Amino acid sequence: MNPRAVWAALKGMFGAKFNLAMTGGPLGLPADFLVSPDGRIKAVQYGRRAYDQWSVNELLALAGE
């Protein structure tokens, strides 16, 4: 863990004003985006849990399409 990344995360967590009415709580939920080389979004997945993400095999299959 790079200290600069940790510092940026802490500043974002404690320096921001949290809106508790946000969907998924103040920290939100993850989302994955697959962007093609020309800048278009090829695929999107919105997580329902904090650990919800594409597997490597799913990502490789999406990238191959």
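## A buried serine between two strands

A residue is called buried when its relative accessible area is under 20%. In this predicted model, Ser36 has a relative accessible area of 10%, and Ser36 is therefore classed as buried. Ser36 is located in the loop that lies between strands S1 and S2. The side chain of Ser36 is joined to that of Asp38 by a polar contact of 2.2 Å.

## The salt bridge

Asp38 also takes part in a salt bridge, and its partner is Arg40. The closest N and O atoms of Asp38 and Arg40 are 3.1 Å apart. Side chains of opposite charge can pair when their charged atoms come close. How many salt bridges does a search of the whole structure find? The search finds one.

Asp38 and Arg40 are both exposed, whereas Ser36, to which Asp38 is joined by the polar contact, is buried.

## A nonpolar patch on the surface

Five side chains should be considered together here: Phe33, Val35, Ile41, Val44 and Tyr46 form a nonpolar patch on the surface. Together these residues have about 520 Å² of accessible area. Strand S1, spanning 31-35, and strand S2, spanning 41-46, each supply at least two residues of the patch. Which strand gives the most to the nonpolar patch? The answer is S2, with three residues.

One of the patch residues is Ile41, which lies in strand S2. Exposed is the term for a relative accessible area over 50%; Ile41 reaches 54% and is therefore exposed.

## The surroundings of Trp54

Trp54 is placed in the loop between S2 and helix H2, the latter covering 56-64. Is Trp54 buried or exposed? Its relative accessibility is 15%, so Trp54 counts as buried.

With residues up to four places away in sequence left out, Trp54 touches Asp32, Phe33, Leu34, Ala43, Val44, Gln45, Leu59 and Leu62. Two of these contacts, Phe33 and Val44, are also members of the nonpolar patch. Phe33 and Trp54 are 21 residues apart along the chain, and their C-alpha atoms are separated by 9.8 Å. Gln45, another residue touched by Trp54, is joined to Trp54 through a side-chain polar contact of 2.6 Å.

Note on methods:
Residues numbered from 1 in each chain as written. Predicted model: local features only at pLDDT ≥ 70, side-chain atom pairs only at ≥ 80, totals over all residues. Heavy atoms only, no water. Patch = residues over 30% accessible without salt bridge, like charges linked within 9 Å, V, L, I, M, F, W, Y side chains within 5 Å. Areas by Shrake-Rupley, 256 points an atom, 1.4 Å probe, with all protein chains shown as cover. Salt bridge = Lys/Arg side-chain N within 4 Å of Asp/Glu carboxyl O. Helix = DSSP H or I, 4+ residues; strand = E, 2+ residues; numbered from the N terminus. Buried < 20%, exposed > 50% of the residue type's maximum accessible area, 1.4 Å probe, protein only. Polar contact = N/O pair within 3.5 Å; in protein donor to acceptor, adjacent residues only side chain to side chain. Contact = heavy atoms within 4.5 Å.
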